[in-house]
Amino acid sequence: MASEATQKRPLLQRVPKIRFGSPSPQNAQPSPVATYYLILVPAVFLALFGLLMGFSASAVTNIAQGVNPYVPFVKTLGIALLALAAAVGATLIPPRVWRALAPLLFVIGLALQGAVFFVGISEGGNTNWLPIPGTGQVIQPSEFLKLATCLMLGRMLSMKTTDLNNWKQVVLFGLAPVLVAMAAVMVGGDMGTMLIFVGIGFGALWVAGVPGKWFGMMAVAGGALAVLLVVVSPSRTRRVLEFLPGFGTPPDPSAPTQTDHGLWALGAGGLTGLGPGASREKWNYLREAHTDFILAIVGEEFGLIGTLTLLALLGLLIYGALRLASNAQSRFISISAGGIATWLTLQGLLNIGTVTGLAPVIGVPFPLVSYGGSSFLFTAMAIGVLLSFARNEAGMRKTGRFSTETAGRDPRRTRAPRRPQRYASDTTTKNPPTVPPVIGSVGKRPRPISRPLPTESRGWNLDNETNKPEAS
């Protein structure tokens, strides 16, 4: 009878399953330490690979302009060191401080983005850069505004007084910050960056637990707004029509577009690529080869294997951020991490779609790989914020040591038995005595009154919030 029942089961159910690691209960949470390294390791490899490819793609352009290619690369290294310092500094700031600073950072981001309207610099049809006085350099404030918006949404949607089932409060605390940020970005005409803010808003609202039926209405309203913004701009209309089948001009080898050159680069790379530095399209054939179309140069020099490796690294980084958002015990951390994860996901997908012809050319860089000081700097800072959240969930202290509550162990497990103390004065108790200690005979040290550890050193739920509500 048992053999007949086995034969009736589908084939996939009869195949033995291999499980790695020790068996764990069904409700066991993922290790917060593993989440920390799932964010850190891919980010480091993406940044290093971005430095390599940025030098490879921009060297030819610099040589054609009569510039030593190593001189601009020194500037790139300086930006990378500044981004590293910003990421480390962001990692050492506790989540409760990020929560307190969120409104101030959001206001600063809006002020800088609004200044683009008065003293902004135009490039590629967009006015989205501010000059840095005395340096001859420019900065893109919308990249900083992305991070500030994620933190602001995390703070507003995690307040105990916010009712996520009340559409008025959702509009006021969830949609209003996103709409204000989108309006500030559209002052400079950068619709590609505005789409990233739309994704940030959707991601934060989804993680917060807003009812799913409202997303359909928001999607319809967002689609109507996108169509309106495309219609009122001739350049956007042209790029969208070129993308739509039947409306664009047929491929012309004598006058290829950027997308044509990007596809040729990917095809020339094959499986293993032409080799580091051997790209042909970067020889002034493919414009923006070191920024928006860096993925095409990666595919040409390192082939399909290199391209898939790059996408796998970005996927691991996004998975680590989503894992942090799913298992964090603080709603502020969950919502903010969800917004950052959506930011990285949508930006990567739009860049891939631009290079492969699956989306219009909208000028969105690949996270941590495309050449660009502002994008690299503030994306690295966002990674530092995620690492700060992950360190808090793992019980790590700012100095790199673990919290005294966890003593270097997994904070999900029970506390280990205390080690015997040599002196009575070195022991601590949870409940301090209500009666002052009495000094006995001469020579005996009094037993001091011990106090419970402060909340900041425990590494848990620093904002004293309740657990996340179940998503509707």
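**Group meeting talk: helices, a sheet and two salt bridges**

Let me start inside the protein: Lys 146 is buried, and Glu 143 is buried as well. Before going on, I should say that what you have in front of you is a predicted model.

These two residues form a salt bridge, and the closest N and O atoms of Lys 146 and Glu 143 are 3.2 Å apart. Where do Lys 146 and Glu 143 lie? Both are in helix H6, which covers residues 141-157. They sit three residues apart, about one turn of the helix. As general background, side chains of opposite charge can pair when their charged atoms come close.

How many salt bridges does the count come to? The answer is two. The other pair is Lys 282 with Glu 301, and here too the closest N and O atoms are 3.2 Å apart. Lys 282 is in the loop between H11 and helix H12 (294-327), while Glu 301 is in helix H12 itself, so this salt bridge ties together parts that are 19 residues apart in sequence. Is Lys 282 buried or exposed? Its relative accessible area is 5%, and because the cut-off for buried is under 20%, Lys 282 counts as buried. The same cut-off applies to Glu 301, which is buried because its relative accessibility is 2%.

Next, the helix that comes before that loop. Helix H11, residues 258-269, packs against helix H13, residues 331-356. The angle is about 90°, and the axes are 7 Å apart. H11 is therefore roughly perpendicular to H13. Which residues make the contact? From H11 they are Thr 259, Gly 262, Leu 263 and Leu 266. From H13 they are Thr 354, Val 355 and Thr 356. Sorted by type, the residues of this contact between H11 and H13 are three nonpolar and four polar, with no charged ones.

Following the chain on from H13, we come to Leu 368, in the loop between H13 and helix H14 (373-394). Its phi is near 70°, which is a positive value in a residue other than glycine. Leu 368 is buried, because its relative accessible area is 4%.

Now the sheet. Three strands make up an open sheet in the order S1-S2-S3, with antiparallel pairing. Strand S1 (121-123) and strand S3 (137-139) are the edge strands, and each of them pairs on one side only. From one strand to the next, the twist averages 50°. S1 and strand S2, residues 126-132, run antiparallel and are joined by three bridges. Take Glu 123 as an example: its bridge partner in S2 is Asn 126.

Helix H5, residues 95-119, lies across S1 and S2, and it runs at about 95° to S2.

My last stop is a residue in helix H5, Ala 102. Ala 102 is buried, because its relative accessible area is 0%. What is Ala 102 in contact with, leaving aside its neighbours within four places in sequence? The partners are Leu 151, Met 152 and Arg 155. There is also a distance to note for Thr 149: its C-alpha atom is separated from that of Ala 102 by 8.1 Å, and the two residues are 47 residues apart along the chain.

To recap, the count gives two salt bridges, H11 packs on H13 at about 90°, and the three strands form an open sheet. I'll stop there.

Key. Residues are numbered from 1 along each chain as its sequence is written. This is a predicted model: local features need pLDDT of at least 70, side-chain atom pairs count only at pLDDT 80 or more; totals for chains, interfaces and linings use all residues. Side-chain values use heavy atoms; hydrogens and water are left out. Two strands pair if DSSP finds at least two bridges between them. Helices (H or I, at least four residues) and strands (E, at least two) are DSSP runs, numbered from the N terminus. Axes are lines fitted to C-alpha atoms, for helices over the stretch in contact, and angles run from 0 to 180 degrees between N-to-C directions. Contact means heavy atoms within 4.5 Å. Angles under 35 degrees count as roughly parallel, over 145 as roughly antiparallel, 65 to 115 as roughly perpendicular and the rest as oblique. Ala, Val, Leu, Ile, Met, Phe, Trp, Tyr, Cys and Pro count as nonpolar, Asp, Glu, Lys and Arg as charged, and the others, Gly among them, as polar. A salt bridge is a side-chain nitrogen of Lys or Arg within 4 Å of a carboxyl oxygen of Asp or Glu. Buried means under 20% relative accessible area, exposed over 50%, partly exposed in between (1.4 Å probe, protein chains only).
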